[in-house]
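Trainee: I am new to this structure and would like a close look at a single part of it. Please take me through that part step by step.

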Amino acid sequence: MSADRPTLPPVRLHSEAELARDALSAPLLARAAKLARWAERGVPVGVGGQILDEPLAAATEHLGLAGDEDGAAYTAEAWQLAVDTGLVEIEESADGEDGADLPDDAAAGLATPGDELDLLTSGSPQDILDIWLGGMETVLADAAAPDLADLADQLTEGGELDLDAIDWNPEEEAELLDGILGNLYLLTALNESPDQEVPLPALAASMIVPDDMDEPTDDVLEEVSEAMMRLDDQFRVLEPIGLVAYQPVDEALIEELDEDGETVVSPDSAGPAAGPLTDEDVSRYGLVRLTPLGVYAVRARMLDAGVDAPAVGDLADKGADALLEALPDYPEALAQAESELWLASRTPLDAARDLLAAARGDDDRAPRRRLAAQQTLSLVSPDAEAALRDVLDDRQLGGLARVWLAERALPGIPEPSQEMIFWLTVDTIAAQLESAEEDATGELRDLVQGLTEQHSGFFDTAWRVDHPATADVLEAMGRLHPDKKAAKEARKAAFKARSRQSG
């Protein structure tokens, strides 16, 4: 794959307006915004902007969380997000410039609504998304942080902070979480149903079990179990910001894990190591998916990191050459969506002419470009007829032009020469050979068999076809054809074609 081609499949993004609405309704940002408005009269805060105990109780009451045992923690979390995203701004008091000399419950400054708060109501969708992205980065950092209980234990014991003792490496944790989000992104892009949830053990295993390991060892399975529990904690942190939709691991199962200390997950079954699983069994182990907002966020982070992460619609303002180069690597449904967006801003005649011009070529990828052109042209109205008739005599394009005209039952289509028929046949198979997946081999085998049955003496003629891929196509037909005699004829024809090309 060349460096300038997509390294990831494209994703279908929601509109910025839809994503902005999702961001505003994310529980954590919604609470942060509500607290920022509540701070209009000023809220005394400690060093770093943390909310003090007395206003924290009032803020918890304001959010309607006073009756929740975790209400104060949710409120403090939302307040910190408001501080981090600029929804509130802190004016330090003269006495609060040196926070080290202040008691814990003393005010070091006053918090009031920040400039960013107005953008949530009067700004553009992109303004809102920028604020949300900033908050999301803060939450991601929190998710990758060590367990606060472990840190508290170290500090209360009077010892120095020892990250090795709590088995936490900041870089490794951030890298693991990035990898997990990247895997979720890839699964979303490849899945025709983007709302499909992924079992947590399978996701953990995707990062830990080596690709070449047929049967995971007990040690590896234990590592998967530990990673699954860590991910459970992290996804619980990430869900309120709207990055993921998450069904947590069953609390009863966590208690079983804590009591037994045994490996209970199998990456293949996404659940207990023994016995078949029902859907209910699988759901006990946690289910997760990226939300549309999450897909947008992970893609934004990838783009910032220099990764080529295309989205449907990226090619709408690009030339036909860029479109045809990219489409063969897109899943079928997304390729059609991309083509429709590209065609929407062009007249049928101009679009057809541009596509036909970009489809020409003798390079290795040219057959795939022509196949992509044919598929895109199938979406073009009969108003493009003149462009297709202009290339009827073109060796590379005349065949697909005739197919297009015939599909629309247009009159006056000249019969193709035998040379053109065979050239188009080789070109079509070359394109499908290049793009065929393992599960499509049967379809390609049926095509090869059908072609040889329709054309008596096919291989006697095919080796003479003046196409760069003729020998490769005939060799492939020799591998694919189910009839041994026909396969042998194909291999002989391939030898003649290669001798002809090198002669």
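Trainee: How are α2 and α3 oriented to each other?

Mentor: This is a predicted model, and the helices you ask about belong to a chain with 24 helices and six strands. Of its 503 residues, 43% count as buried. Among contacts between residues at least 6 apart in sequence, 69% join residues at least 24 apart.

Start with α2 itself, which covers residues 27-38. Its twelve residues should span 16 Å at 1.5 Å a residue, and its end C-alpha atoms are 16 Å apart, so the expected span and the model agree. Buried residues in α2 are Leu-28, Leu-29, Ala-32, Ala-33, Leu-35 and Ala-36. Around the helix axis they take up an arc of only 165°, so they sit on the same side of α2.

Now to the pair in your question. Two packed helices are described by the angle between their axes and the distance between the axes. Helix α3 runs over residues 53-62, and α2 packs against α3 at an angle of about 120°, with 10 Å between the axes. An angle of 65 to 115 degrees would count as roughly perpendicular and one over 145 as roughly antiparallel; α2 and α3 are therefore oblique to each other. The crossing in which α2 passes α3 is right-handed. On the α2 side, the residues that meet α3 are Lys-34, Leu-35 and Trp-38. On the α3 side, they are Pro-55, Ala-58, Ala-59 and His-62. Leu-35, which takes part in this meeting, is also one of the buried residues of α2.

Next, look at α3 by itself. Its residues Pro-55, Leu-56, Ala-59 and Thr-60 are buried. Viewed down the axis of α3, these buried residues fall within an arc of 145°, so they line one face of the helix. Pro-55 and Ala-59 are buried in α3 and are among the residues that meet α2. The cover over the buried residues of α3 includes α2, β1 (43-45) and α4 (71-85). On the face turned away from the buried side, α3 carries the exposed residues Glu-54 and Glu-61. After α3 comes Gly-64, with a positive phi near 75°.

Helix α4, named above as part of the cover over α3, also packs against α2. Here the angle is about 75° and the axes are 8 Å apart. That angle makes α2 roughly perpendicular to α4, whereas α2 and α3 are oblique. From α2, the residues that meet α4 are Leu-28, Leu-29, Arg-31, Ala-32, Leu-35 and Trp-38. From α4, they are Tyr-74, Thr-75, Glu-77, Ala-78, Trp-79, Leu-81 and Ala-82. Leu-35 and Trp-38 of α2 therefore appear in both lists: they meet residues of α3 and residues of α4, where a contact means heavy atoms within 4.5 Å.

One residue of α4 is worth following on its own. Ala-78 lies in helix α4 and counts as buried, at 0% relative accessibility. Apart from neighbours within four places in sequence, Ala-78 is in contact with Leu-28, Arg-31, Ala-32 and Leu-35. Three of these names, Leu-28, Ala-32 and Leu-35, were given above among the buried residues of α2. Ala-78 and Leu-29 are 49 residues apart along the chain, yet their C-alpha atoms are separated by 7.0 Å.

To put the parts together: α2 has its buried residues on the same side, and α3 has its buried residues lined along one face. Helix α2 is oblique to α3 and roughly perpendicular to α4. When you return to the structure, begin at Leu-35, which is buried in α2, and then trace its helix to α3 and to α4.

Methods. Residues are numbered from 1 along each chain as its sequence is written. This is a predicted model: local features need pLDDT of at least 70, side-chain atom pairs count only at pLDDT 80 or more; totals for chains, interfaces and linings use all residues. Side-chain values use heavy atoms; hydrogens and water are left out. Helices (H or I, at least four residues) and strands (E, at least two) are DSSP runs, numbered from the N terminus. The expected span of a helix is 1.5 Å times one less than its number of residues. Buried means under 20% relative accessible area, exposed over 50%, partly exposed in between (1.4 Å probe, protein chains only). The arc is that of the directions from the helix axis to the C-beta atoms. Axes are lines fitted to C-alpha atoms, for helices over the stretch in contact, and angles run from 0 to 180 degrees between N-to-C directions. Angles under 35 degrees count as roughly parallel, over 145 as roughly antiparallel, 65 to 115 as roughly perpendicular and the rest as oblique. A crossing is left-handed if the near helix is turned anticlockwise from the far one by less than a right angle, and right-handed if clockwise.
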